Amino acid sequence: MNASSRSGAVAVIGRPNVGKSTLVNALVGAKVSITSNRPQTTRHRLLGIATFPGGQLQLVDTPGIHGEQGKRSGKAMNRMMNRAARGALEGVDAALLVIEAGRWDNEDGLAFDALRDAGLPVVLVVNQVDKVKDKTALLPFIAKVTDGREFAAVVPLSALKRSGLEPLVATLLDLMPEAAPMYGEDEITDKSQRFLAGEMIREQLMRQLGAELPYATTVEVEKFEEEPSPQAGVMYRIDAVIWVERDSQKAIVIGKGGERLREIGKRAREQMERLFDAKVFLQTWVRVREGWSDDEAALRALGYHD
């Protein structure tokens, strides 16, 4: 990096399910944050580190800011997720407000209000423009959203298609202070491999179970050990517990003859092997802990933080 490089932190804020994690992964160039089509897939603050020729962006991916209606997981979980999202605004240099092209609702307004109160420069990211058939409708939509609201810039893009990212990167780097990068070029997140392993299992729960059940599940990695492997160089032995809240949910996660649990484990293991570039031996169990999602002590014991 040269002396004029820029480096800073950017909070990625928005209502649930607008593609915040997909955008972070696209900017980082690697999968550091899990994704699914379920709202509130992201439950933790996670740092994605994106390094470019002109500088470095430390992207703080956050749970979606949501109101009181339509929440699926326990009340304590929702309070903690909202606090985590709002807490991400502390100590950052700028923020992205990610919205869905053609849609602005009360939860988008909640997210904007949180950013306005923080006094940060805000870049409006209009995501999923690839899904808008009538592109002439985008300009009136953007004009309506920005009326009476101050943004440092507006960038339409598609995070999924990885199109429109270059203008966003240039805009964000211009908002960052001149500084040396905080992380090495090969670093992509501040989270441990142990944490990422648990998240990849939870992603498969979100993707493979019905609409409601994933919100009653969480994952705890009990063992994460590294050992030499003659074939792959390194192998990780991982033991993980999938926690549910009722016996009936346990049966659903396991599936007939253990088939669903094996599929969840297989797909999570394959993702881990790609990200870790190592062989993975994964064992999973399903256990019941009643009311864990509405118990702040239980949430903290399971690794959730504000």
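Which residue takes a positive phi just after α4? Keep that question in mind as you load this predicted model; the tour comes back to it at the helix itself.

**Start with the whole chain**

Colour the chain by secondary structure, and you should find nine helices and nine strands. Of the 306 residues, 52% count as buried. The chain exposes about 14,100 Å², with carbon and sulfur atoms supplying 47% of that area. Contacts reach far along the sequence, too: among those with a separation of 6 or more, 73% are between residues 24 or more positions apart.

**Select the six-stranded sheet**

Now show β2, β3, β1, β4, β5 and β6. Together they make an open sheet in the order β2-β3-β1-β4-β5-β6, with mixed pairing. Look at the two edges, where β2 (46-52) and β6 stand; each has a single partner strand, so one side of each is left without a neighbour in the sheet. Turn the view to look across the strands, and you can follow a twist that averages 25 degrees from one strand to the next.

Next, select β1, residues 6-13. Seven of its eight residues are buried, so the strand is largely enclosed by the rest of the structure. On one flank, β1 pairs with β3 (residues 55-61) in the parallel sense over seven bridges. To see this pairing residue by residue, pick V10, which stands opposite L59 in β3, and then A11, which stands opposite V60 in β3. β1 also pairs with β4, again in the parallel sense, over four bridges. Here A11 appears once more, with A95 as its bridge partner in β4.

**Add α3, then α4**

Bring in α3, which packs on the sheet and touches β1, β4 and β5. The direction of α3 makes about 170 degrees with that of β4.

Add α4 as well. This helix lies across β4, β5 and β6, running at about 145 degrees to β5. Show the side chains of L138, F141, I142 and V145, the buried residues of α4 (residues 138-146). Seen down the helix axis, they fall within an arc of 95 degrees, so they line one face of α4. Why does such spacing work? An α-helix has 3.6 residues a turn, so residues three or four places apart point the same way. The cover over these buried residues includes β4 (94-100), β5 (122-127) and β6 (153-156). Rotate to the other side of α4 to find L139, P140 and K144 exposed.

Step just past the end of the helix for the answer to the opening question: G148 takes a positive phi of about 80 degrees.

**Visit the salt bridges**

The model has 17 salt bridges, and three make good stops.

Begin with D108 and R15, whose closest N and O atoms are 3.1 Å apart. The pair links distant parts of the chain: D108 sits in α3 (residues 106-118) and R15 in the loop between β1 and α1 (20-28), 93 residues apart. Are these partners buried or exposed? D108 is buried, with a relative accessible area of 0%, and R15 is buried at 3%.

For another long-range link, select E178 and R6, where the closest N and O atoms are 3.9 Å apart. E178 lies in the loop between α5 (165-175) and α6 (193-208), and R6 is in β1, 172 residues away. E178 is exposed, with a relative accessible area of 55%, while R6 is partly exposed at 24%.

The third stop lies within one helix. E270 and K266 form a salt bridge with their closest N and O atoms 3.1 Å apart. Being four residues apart in α8 (residues 259-276), they are separated by about one helical turn. E270 is partly exposed, with a relative accessible area of 28%, and K266 is partly exposed at 38%. Before leaving this topic, select R15, E100, R103, D105 and D108 together; salt bridges that share partners join them into one network.

**Finish at E290**

For the last stop, go to E290, in the loop between β9 (279-288) and α9 (296-301). E290 is exposed, with a relative accessible area of 69%. Add E245 to the selection: the two are 45 residues apart in sequence and 4.3 Å apart in space, C-alpha to C-alpha.

Conventions. Residues numbered from 1 in each chain as written. Predicted model: local features only at pLDDT ≥ 70, side-chain atom pairs only at ≥ 80, totals over all residues. Heavy atoms only, no water. Buried < 20%, exposed > 50% of the residue type's maximum accessible area, 1.4 Å probe, protein only. Contact = heavy atoms within 4.5 Å. Areas by Shrake-Rupley, 256 points an atom, 1.4 Å probe, with all protein chains shown as cover. Arc of directions from axis to C-beta. Salt bridge = Lys/Arg side-chain N within 4 Å of Asp/Glu carboxyl O. Pairing = 2+ DSSP bridges. Axes fitted to C-alpha atoms, helices over the stretch in contact; angles between N-to-C directions.
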